[in-house]
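Trainee: I'm new to this one and a little lost in it. Could you pick a single part, look at it closely with me, and then show me what surrounds it?

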Amino acid sequence: MKRNFKYITGVLLVISLIAFVRCQSSNQGGALGGDVAQKVYVAPGEHDEFYALVSGGFSGQLAVYGLPSGRLFRVVPVFSVDAEKAYGFNEETKPMLNTSHGFIPWDDAHHPDISQTNGELDGRWVFINGNNTPRIARISLSTFETEEIIELPNSAGNHSSSFVTENTEYVVAGTRFSVPVPQQDISIEEYKGKFKGAMSFIKVDQETGHMDLSFQIMMPGFNYDLAHPGRGKSHGWMFFSTYNTEEANSLLEVNASQNDKDFIAAINWKKAEELIAAGEFTTMPSEYAHNIYDESTHTATSTIKKEVRVIDPSKHPGLVYFLPTPKSPHGCDVDPTGEYIIGSGKLAAALTAHSFTNMLDAIKNEKFDGEAYGIPILNYDDIVAGVVQQAGLGPLHTEFDGKGNAYTTFFISSEVVKWKLGTWEVLDRQPTYYSVGHLMIPGGNSRKPFGKYVLAMNKITKDRYLPTGPELTQSAQLYDISGEKMELLLDFPTVGEPHYAAGIPADLIKPRQTKIYKLEDNQHPFVARSEKETKVVREGNEVHIYMTTIRSHFAPDNIEGIKVGDKVYFHVTNLEQDYDVPHGISMIGAQTSELLIMPGQTETFIWEPKKVGVWPFYCTDFCSALHQEMQGYVRVSPKGSNVPLKWTLDGE
Amino acid sequence: MKRILNTLFLLLMGTLVICACSSGSETQGGEVTTTATSHPKGQASVEDDVSDKNILQVAAGSDIHTTLVAAVQAAEIEHVLVNAGPLTVFAPVNDAFDALPVGTVENLLKPENKADLAVILTRHAAPGSFDEEGLRREARKGRKIYMATGDYLEVKVEGDEIWVAGAKVIGTIQTSNGIINVVDKVILPSN
């Protein structure tokens, strides 16, 4: 009997132990553990803590996600047409994509950066660069619409962009490719000395956000890769990483990797402002588009500008200095205090941190190590503050948590590495899946980061998701960085290439939201503010339909007297004054997208009917219980017919 | 006896370990429940001080519709009146409810009569937008208004006056999600 008891006791102990061990393992199961799932779980109806504004890279758009959930809320069309929202399709937004090369329906969107006041995120606007046909866009964080796009002359591959200074005085944009300035028909072999790199400083109106290309600093013909503004003590300076200081024009993967060190260019933009004020610039003939969307007319206009002010740094000592930095630096990141400028040499084994204080000392004592095109080169040993040794392979980008730590991505070794500012010691490393590019800590490019999460953005996913043919989703991965060690919480698929991101606490954005457009403020030239104002007007072969929508009908919904060969403008005003009640409209055979019209807004599409008959149109956005009844007909008669123009609703 | 006690103790220990292990998910379940009950009125809980007022908000701000609003709340159909619609509500004034036989309203407001009350109120709501002009058009064309309960109500126009199923329309209000036609009678089933 006693033996039995011992046996039972033993069995029970084993059961208890198993239960305990299982329990332990479920709590430490990394991304599989229940506690990890809870950290990213946002219950139905609850809101995320942060917005993540993630560029779509080659999609040309900006995607809006919530963190920590990774849920996608909206894709804001910026540089590419978007049929879903009629962006670039309706008559109102077509001018947004105008350039000096004409209408360009696509671009490569890279580096979103949120406006700041006193070095802290303020949630007014987010700026983003288009690389291919150089442009900078401004997106309102009240409407989540692209409100403005400015083209950049003398630039090509607009990559070291669009970074804002501490009070959003400027959005700064540097060229990646140097080009002949002004453009001319010369041999590519004449690259050295004749090609230039333009650094553009775009002034931002603090009331309206409107951008104005204030001046360009015309730099030597290197490649300018990334940039960040000084802050705090280094406010007034802008730092750009360079590669191809070899000035190669072919097989750059070899020929631009010859120099042991390239440069970080330090530009004193306060000095540049003084030069502009003193008239120390040349005005250069140029051609670039400036497109503004007006919220009261719901319409964009495009203006071609004809000149730009240019400063030659070789003629103005004190404006630019070169900081030698190992091996083709990509990231050029400034810590929250403004003291350290981190260069991530793509091909270097170590990360380099320059000291702003040391830089100023070296400048003061004129400790130069030669010059390039008249620009002084500082001595590496005089300015370097520290080196993070053996951190990883292929460093790209560093962000900061505001607690003295830095986080750097390494493309080749596929990892995020946490290290300490000042001691330069590596504290932790976590793998990414796979080949990480940029990373983001909300507020990471400001004096006040919100160091709770880091988002790593991956280029390659291979086996990480359900496969979808040869093209796979790219991804973002969320790590908790609130503890000593990073913890992988989540990975989620993204729109396009998640190239770069800016994050901000949701509380800074939510109170600013536009819910509806007031009908009485609608100044669209073809608005109909009530059904009484609806009409159809013929001007030669152009027909303008002033149409309204309200649940659940169009007014008018029967139109006759349209003829083959007419150009029919549907100007549709959404009379709703209720949050989240847009209406859509589409017409059979219209060679464009639908319209998606917000409450109080007017939008226009053109229909050029080619066939005789009676053709329907309908509401494309499920608006109400009688959405399916929201439709109408247009009668199209042969060219030259005498059917009179007539428009009705319910036969009246 | 001691043996049994020991066994019980060990069983208890085992149970405690298992309980400790599962407490996390219980907490999670608790959070879900809390969230689900934080919006008991559906869309009626949405806070929005920018859009035009919806039918429920307009009625709630009207001194002559306190009985109607109390009835809507008792029937728990607030979410219907804030729905995307389109919706037209014939809203009886307080005097209209007072004119019902003594005790009718009090009786309907009792929890056990919630379903009956909901039907009576829903008979005052029509899918569609019928403002004054819309009502005149219905009369002119001899159409009846289809109500959410399936009833058809007749519209009559006599000079400046519009009558719906015997109730006189004494005002029309455009709201963000439809139309309120203020009426002087409660519209009861014709049978």
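**A covered strand and its surroundings**

Mentor: Let's begin with strand S17 of chain A, residues 261-268, which is mostly covered: seven of its eight residues are buried. Strands here are DSSP runs of E with at least two residues, helices are runs of H or I with at least four, and both are numbered from the N terminus. A residue counts as buried if 20 or more other C-beta atoms lie within 10 Å of its own, as exposed if 12 or fewer do, and as partly exposed in between, with C-beta atoms placed from the backbone. Please keep in mind that this is a predicted model: local features need pLDDT of at least 70, side-chain atom pairs count only at pLDDT 80 or more, and totals for chains, interfaces and linings use all residues. As for the labels, residues are numbered from 1 along each chain as its sequence is written, while chains are lettered from A and ligands numbered from 1 in the order in which they are written.

Now for the partners of S17(A). Strand S16 of chain A (residues 237-243) is joined to S17(A) by five bridges, and the two run antiparallel; pairing means that DSSP finds at least two bridges between two strands. Look for A:Phe239, which has A:Ala266 of S17(A) opposite. S17(A) also pairs with strand S20 of chain A (residues 320-326), again in the antiparallel sense, over seven bridges. There, A:Phe263 faces A:Pro324 of S20(A). In general, strands of a sheet pair through backbone hydrogen bonds, either parallel or antiparallel.

Let's step back to the whole chain. Chain A has seven helices and 46 strands. Its radius of gyration is 29 Å, close to the 26 Å that the globule rule gives for 652 residues, so chain A is as compact as a globular protein of that length (the radius is taken over C-alpha atoms, and the rule is 2.2 Å times the number of residues to the power 0.38). The C-alpha atoms fill a box of roughly 100 × 85 × 45 Å along the principal axes. Of the 652 residues, 50% are buried. Contacts, where C-beta atoms placed from the backbone lie within 7 Å, often reach far along the sequence: among those between residues at least 6 apart, 61% join residues at least 24 apart.

Elsewhere in chain A you can find an open sheet of four strands in the order S3-S2-S1-S35, with antiparallel pairing. Strand S3 (72-76) and strand S35 (501-505) of chain A stand at its edges with a single partner strand each, so one side of each has no neighbour in the sheet. Within this sheet, strand S1 (residues 50-55) and strand S2 (residues 62-67) of chain A pair over six bridges in the antiparallel sense, and A:Phe50 is opposite A:Leu67 in S2(A).

Another open sheet of four antiparallel strands follows the order S27-S28-S29-S30 in chain A. Here strand S27 (395-400) and strand S30 (426-431) of chain A are the edges, each with a single partner strand, so one side of each is left without a neighbour in the sheet. S27(A) pairs with strand S28 of chain A (residues 405-410) through four bridges, in the antiparallel sense; A:Pro395 has A:Phe410 in S28(A) as its bridge partner.

One residue to try in strand S30 of chain A is A:Asp428. A:Asp428 is partly exposed, with 18 other C-beta atoms within 10 Å. Leaving aside neighbours within four places in sequence, A:Asp428 is in contact with A:Lys418, A:Lys485 and A:Met486.

For a loop residue, try A:His111, between strand S5 (102-103) and strand S6 (113-117) of chain A. A:His111 is buried, with 24 other C-beta atoms within 10 Å. Not counting residues up to four places away in sequence, A:His111 touches several residues, including A:Ser55, A:Ile128 and A:Tyr500.

Terms used. Two residues are in contact if their C-beta atoms, placed from the backbone, lie within 7 Å.
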